[in-house]
Amino acid sequence: MLHGQMQLRIALAVAALAVLAALVAGAGDQLAQAGQTFAEYLFQSMGTDLVRFALPAAFARYVVPASADEPRIATAAWAAAVGAAALGNLRLRELDRTRSYAPLFGTQAASYLFMLKLQQVQVGRAAGLAGAVVGTALIVLLVEAGLFMEALQGLFCLGVASCAWTLLLQRFGRRYAALGALSGLLLAGPLLLPAAAWFLRHVMPVKELEDAFAILAEFVGPQKMRQLTAELLIVTLNVQLPLGFLGIAFLRRAQDRMNALLLVGEEKLSAKSFSRRAVVYILLTAVPYIFQRTLMENVNTYAFGLFARDIERSMRLESFFPAGKDALLIAVSDSNFTVGGYSDAFNGVANTANDLVGRKLFSLPKLALLPGMLCSKPWLVVTMLPMSVLLDEGKSWLTALLSSRIEALSQSIQEVSNRRQQIEQHDTKHQELIRLNAVAGFAKARWTELSLSLSDLQLREAALKSVRSFIDWLYWQDMMQPGIECTLGFLLEMRHIGNVDIWVYSRVVEDAIDMLLTRSRNQAELATMQTNIERLQELAKRLSDARARGRMRCEVEPSAAALRFEDIEFSRGASLHVKVPQLVLPAGRVYAVTGPNGAGKSTAFAMLAGCGRQAMSLPAGVEIKTPGKIILPSDDMEVITQQLYCPLFVRPIDWILQATGAQLPPDVSETRGQEIVQLTAELMFHRNSTSGQGLTLEELREEKEDWYGGLSGGQRVKLEFIRKVFLREACPRILLLDEAFAPLDPRSKSAIQRRLKDFCAGSLILAIYHSDANDHCVSAGGFFDDNLHFENGTAALVGTC
C-alpha cells in the first residue's frame, strides 16, 4: 500500500514538473525579457544612495538586534530609522553641512540604548552594542583623518575590552564586569597601546596596508582618498559584520542537520523525519541566508566597484592629463609597462587591501566567541594557539620561498608580455612596410623568441604555484584540521559546546589562528601587492620627474607688435648648444626657419610652444642656460608638427571640431560639417576623385578605427590646417609649422600658402623649411617674407632671395 502511494506521488510530481516545463517553454521569450528587465532594474538600483549606503546600515541594525527577545517590529522600525539617518547623513555631506558621520552612528547607538531602557533584560548586550557603535564611529573618524595606526590600535583595544568584559561577566557577574573592564583598560592603557602597535606591525599586515593607501593617495589625492575610504569602510562594516553574525547561526543549523543524519544511521530518527527537517532547513535557513548574503555581498562589491572606478579614473586621467597643464604621457613612453599595466597594478593594490579587510571583518563575530573558550579551558587555548602558530610559521617559511620566486617570475612575465604586446601592435600597424621591405622573416623571429620566452616563464610559474597549493592543502587537511578537532573534543567533554556548535567553534579556532598568522598566511597576496606598490612608486617618480621638467620663461605683451628673444641660451644633450642674445620677429610676416639637421630648429619650436595657452613643458633633455625670456604679442598659438596625431575609433567630424556629437546641437554640427566639406574641396582633399575633391558629410560622420592611418601624408596635413587654422574665426596670432609643407604636392602647397597669406595676414608665421642643399638662400616664392637661419650655435635673420 505504502509502495503504491509513493509511486502515485512520484507520478504526480513528474506530471506537475512536466506541466510547469511546458508553461515555461511556452512563455520563454516573455520570461527571458522580463528577467532581463528586472536584472537591469536591480543593477540600476545598486548605484542609488538608498541601496549602496542606506541599505547596509539598515541591514546591520536588523540582523543584530539589541537583545534576543527584541520585538521584530521594533527591530524593523529601528532598521528603517538607521537607514534614513544614513541617507540623510550622506546628503548633508554632499551639501557640505557636515564632515562627519555622527548622525548615522548616533542613530545606531541610540537605537540600542533606547531598547536598553525599555528592556531591562540583556542589558549587557545592548550596552555593549552601543559601545561598539561608538567605537566604530571613532575608528572611521580616525581613518578619515588618515590616522590608520591609531584606528587599528583602537580596534585592538576594543577587542581586548570585549575579552575582559566576557571573562569578568562569567567570573563576577554583570555588576562588576563593566567597571572591571573599563578600569583595566584605563590602567593598562599605557602598556596596551604599545603592545597593540607591536602586534599590528609584526603580526598584521599594517605596514603593507599603509603603503597601499599612501601609493593610491599619491595619484588620487590624500583628502579625496580618505573620504572615499571612510565611506567604503562604513559600507563594508555594515555588510560584513552582520553577515558574520548570520554565518554563526547558519553554521549551527547546518551542523544540527548533519547531526540529525547520524541519528538516522543509529535508527533514532526516520529518513522521512530527516527529509522534513532538511526541507525546513532549506526553506527557512539556507534560502534566506543565501539570499541575504548574495544581496549584501553584491551591494558591498558594487560599493567597492564605485570606489575602485573613482580612484582608477584619477590615476588614468588626472595623473596623465592634469587640468590646465601639459599631458604627462611621457612618464610611460619609455617604460617597460603600458598605462594598462600600471592600471592593473593600481587595481591589484586596491583589490588586495579590500579583500584582506573584508575577510577579517567577516570573521570578527566568530572571534568574539574566543573569550568564552579561553575562560572554560585556558590551558588548552594557551597551549594550542602557540603550537599552531609555530607549525604554521614553518609552513609559511617554505611557502614564502616559493612566493618570492613566483613573484619574480610574475614580474618578468608582465614585462615580457607588455613588450610582446607593444611589438605585435607596432608590427601590425606597419604591416605594409614589413611586406615592402621584405623583413617578415626577422619580424617572425622576434615574435617566436618572445613567445618562447613568455611560455617558459609561464610554465615555471604554474609549476611553482601548483607546489605551493599542494603544500597548503596537505597542511590544512593532515595537520591543522586534526589539531582543531582535538580542541573541539576537549570542549565537548567539558560541555562548553554542544554538538551543534562543532562547526562554529571549528571556524572560531581557525579564524583565531588565521588572525594571528595573517601576514604569513597571505604571503603570496602581500608579495604581489608589494610588487604592484613598487611598480606604482616607479610610476609616481616618473610623473614627478615629468612635472619637474623646466618651462621657458615667457611674457605676453598685448601691445607688442613682435616676438622677441632676449638673452636665450639652451642646450640639448652634448651636441646642441644655441645662444640667441637678441632677436626681433615682427608680426604680420612669414619666416622660413632653416638650418642643418641638429641645429636647434625643432628645439626652439618646442620652447616657443611652451609659451602658448597649453603651457607645455620643455622637451626631455632641454636645459635653459640663462635667465632669458621670450616676449610674445599673444599666447594664441597653434603648432602643426611633422608627425600628426588622431585618436582611434573616432568620427572625423568629432575630431576636427574637438567635440563629440552629444556636445554639439544638430544644427551646429550640420553647419560646421558643411564648412569642412567646402574647405576640403577647396584644398583638393580627394584630388583624383571623380565624385568631388572634398570630404562628404557621410564620410565625416562615419566612425573610423584609425582614420589618419588610412590617409596620405598630404591629406593629414590639410586636415590639420583646417582643424587648427581655417575653421577658426580668425587666424592664430602665432603659427608654428614644423615641416608641414613637406608632404604636400606643389599644387596643394601653393593653395594652402595662398590661403595662409590671406587669412593670416596679421599673424606671425614660422615655418621650418628645408631648401635644396645647393641653394644659398630661401626663395620668397610669394610666401616667405624673411629667413630665420640656425647654424653655428646661434640664429639670425638672413633674408630671402
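The lining of the largest cavity divides into eight nonpolar residues, no polar residues and one charged residue. This comes from a predicted model. The structure holds three cavities of 30 Å³ or more. The two covered below are the largest, at about 50 Å³, and the second largest, at about 40 Å³.

**Largest cavity**

- Its volume is about 50 Å³.
- Phe565, Val593, Lys601, Ala604, Phe605, Leu608, Leu766, Leu788 and Phe790 form the lining.
- Two elements each give two or more residues to this lining: helix H21 (601-609) and strand E10 (786-791).
- Helix H21 gives the most, with four residues.
- Lys601 is among the lining residues, and lysine counts as charged. The lining has one charged residue, so Lys601 fills that place.

**Second largest cavity**

- This cavity has a volume of about 40 Å³.
- Its walls are made by Phe565, Phe570, Val580, Leu583, Ala604, Leu788, Phe790 and Ala795.
- Strand E2 (562-572), strand E3 (576-586) and strand E10 each give two or more residues to the lining.
- Eight of the lining residues are nonpolar, with no polar and no charged residues.

**Residues and elements found in both linings**

- Phe565 and Ala604 appear in the lining of the largest cavity and again in that of the second largest.
- Leu788 and Phe790 also line the largest cavity and the second largest cavity.
- Strand E10 gives two or more residues to the largest cavity and two or more to the second largest.

Terms used
Residues are numbered from 1 along each chain as its sequence is written. This is a predicted model: local features need pLDDT of at least 70, side-chain atom pairs count only at pLDDT 80 or more; totals for chains, interfaces and linings use all residues. Side-chain values use heavy atoms; hydrogens and water are left out. On a 1 Å grid over the protein atoms alone, a cavity is a set of points where a 1.4 Å probe fits but cannot get out, and a pocket is an open set with protein on both sides within 12 Å along at least five of seven lines; lining residues have an atom within 4 Å of a point. Grid points are joined across faces, edges and corners, and a volume is the space filled by probe spheres set on the points.
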